[in-house]
Amino acid sequence: MAAQPASAADCQLPAAVDGLGSGFPVDEQALPAVGTLKAAQLFVDFEDHPAPAGSFDEAEANLASGIEYLERVSGGRLEVTTTTSDGWVRMPEPSTAYPFERGLTYEDHVRYIGDAIAAADDTFDFSDVDVVWVSATKQAPNITYSPTTNFLDVTADGNHLTHAVTFGYDQWRWGGLVLAHETGHSLGLPDLYLFEAPPEDPGNWHAAAGGWDLMGLISGQAPEYLAWHRWQLGWLDDEQVVCAVPERATRARLSPVAESGDPHPGRDRMLVYPVSATRAVVVENRQAIGYDRDIAASGALVYTVDTSVSSGEGPVRVIDSTPGSADGLDDAPFAPGTSWTEPTTGAVLTFHKAPAHMLTVSLTP
């Protein structure tokens with residue numbers, strides 16, 4: 001009997017770790033990624049580091065592009081509305097009271113966020129807020145980095161607030177994309193950079209996924225969210241996913257990931273080939289358009305997703321078509337006319353030319 005075509009649901013690998021991960025559904029800690037996300041945006045300064053006159057507009061503008069990113073990449077399925085503090089909110093303690101530089105604990109992070117909420121509460125209504133964003137003045141470099149918590153547990157104006165991001169001095173390096181990266185955690189996505197670099201490649205915390213997704217290297221040359229992440233968040237429809245099975249040949253014609261929000265809902269966006277209960281090979285089309293406009297190489301991006309691997313340990317690993325090249329994973333995509341063999345099953349993926357920015361991939365068991 002011939003094998004029956006697989007449905008997209010057959011390729012939705014179940015979540016196999018707690019917390020942020022790559023499986024379906026996203027963890028229950030996540031905020032909905034479809035609909036309206038209501039953010040309270042608090043800009044804070046300190047007695048020891050007061051914000052200079054005229055600096056508020058610069059601080060607000062620095063993060064604005066992250067909001068635009070989320071709305072564009074979601075194809076309009078996520079709308080982000082912000083209510084901003086009326087000027088700088090003075091924190092009750094000096095910046096040195098919050099030990100970002102010494103390894104911030106959950107308790108210290110929550111205290112920092114709680115202090116910001118309490119300081120703003122007299123003039124700010126938190127009753128209809130999903131997430132709190134706290135952005136420190138540029139004058140306080142010891143508020144060093146920008147962590148997320150999905151376990152805030154603070155009540156203000158009768159609203160139990162559970163999600164927050166604090167933006168530190170690194171926001172001036174990353175710009176608005178740090179907001180989109182950290183909001184990705186609020187929506188349930190994992191980190192794709194490695195918390196520990198591999199022993200054989202010390203210092204390379206991006207050995208797993210390189211710069212091929214904003215949840216990895218924020219300043220990478222290809223910050224478009226992976227098609228897999230868009231599917232997790234409900235920004236891709238099942239009808240746009242080609243699910244392959246080992247028993248039959250499969251062929252897909254893929255539109256670029258960067259165009260996934262365009263009004264062509266029937267177009268294929270990725271091919272998924274499960275190789276175990278928690279692991280799949282994914283193929284998507286990356287072209288030099290959209291947020292990928294600066295990529296070093298276009299073509300078929302091939303990667304594995306393993307839902308049993310936790311955030312920061314390499315749940316997504318990009319297959320490098322040019323191992324050992326000076327560009328690392330930046331030139332990882334496979335060009336038309338090439339192929340790759342999946343080592344555990346022997347299935348062969350072959351990549352073909354297609355008109356415009358399209359590409360075709362065929363899988364032969």
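At what angle do the axes of helix α1 and helix α4 cross? I'll start there, and I should say at once that this is a predicted model.

Helix α1 covers residues 56-73 and helix α4 covers residues 177-186. Their axes come within 6 Å and cross at roughly 50°. That crossing makes α1 oblique to α4. On the α1 side, the residues in the contact are Leu63, Ser65, Gly66, Ile67, Tyr69 and Leu70. They meet Leu177, Val178, Leu179, Ala180 and Thr183 of α4. Sorted by class, the contact has 8 nonpolar residues, 3 polar ones and no charged ones.

Charged residues come up next, with the salt bridges. The structure holds 11 of them, and I'll go through three.

One is in α1 itself. Glu68 and Arg72 meet through their side chains, at 3.8 Å from N to O. The two residues are 4 apart in helix α1, so about one helical turn separates them. Glu68 is partly exposed, because its relative accessibility is 43% and the partly exposed class runs from 20% to 50%.

Another is in helix α2, residues 106-120, where Asp108 and Arg111 are 3 residues apart, again about one helical turn. Their side chains form a salt bridge at 3.1 Å, N to O. Asp108 has a relative accessible area of 19%, so it is buried, the limit being under 20%. Arg111, with 27%, is partly exposed.

For the last of the three, are the partners buried or exposed? The pair is Arg286 and Asp292, whose side chains meet at 2.6 Å, N to O. Arg286 is buried at 0% relative accessibility, and Asp292 is buried with a relative accessible area of 0%. There is also a network: salt bridges that share partners join Glu93, Asp108 and Arg111.

Now the nonpolar cores. Which residues touch the most other members of the largest one? That core has 59 residues, and the answer is Tyr225, Trp228, Trp231 and Tyr303. The largest share of this core, 5 residues, comes from α1, the helix that I described against α4. Taking Tyr303 on its own, and leaving out residues up to four places away in sequence, its contacts include Leu226, Ala227 and Trp228. Tyr303 also touches Ala280, Val281, Val282 and Glu284, and then a run made up of Val316, Arg317, Val318 and Ile319. Another core lies apart from this one and has 28 residues, among them Ala40, Leu42, Ile117 and Ala164.

I'll finish with two loop residues. Thr137 is in the loop between β4 (131-136) and β5 (148-149). Thr137 is buried, with a relative accessible area of 3%, and the limit for that class is under 20%. Beyond neighbours within four places in sequence, Thr137 is in contact with Val44, Asp45, Phe46, His49, Ala51, Pro52 and Trp88.

The other is Ser310, in the loop between β13 (299-306) and β14 (316-318). Ser310 is partly exposed, at 25% relative accessible area. With the neighbours within four places set aside, what does Ser310 contact? Val17 and Pro315. As for distance, the C-alpha atoms of Ser310 and Pro333 are separated by 25 Å, and the two residues are 23 apart along the chain.

Methods
Residues numbered from 1 in each chain as written. Predicted model: local features only at pLDDT ≥ 70, side-chain atom pairs only at ≥ 80, totals over all residues. Heavy atoms only, no water. Buried < 20%, exposed > 50% of the residue type's maximum accessible area, 1.4 Å probe, protein only. Contact = heavy atoms within 4.5 Å. Axes fitted to C-alpha atoms, helices over the stretch in contact; angles between N-to-C directions. Parallel < 35°, antiparallel > 145°, perpendicular 65-115°, else oblique. Nonpolar A, V, L, I, M, F, W, Y, C, P; charged D, E, K, R; others polar. Salt bridge = Lys/Arg side-chain N within 4 Å of Asp/Glu carboxyl O. Core = buried A, V, L, I, M, F, W, Y, C linked by side-chain atoms within 4.5 Å.
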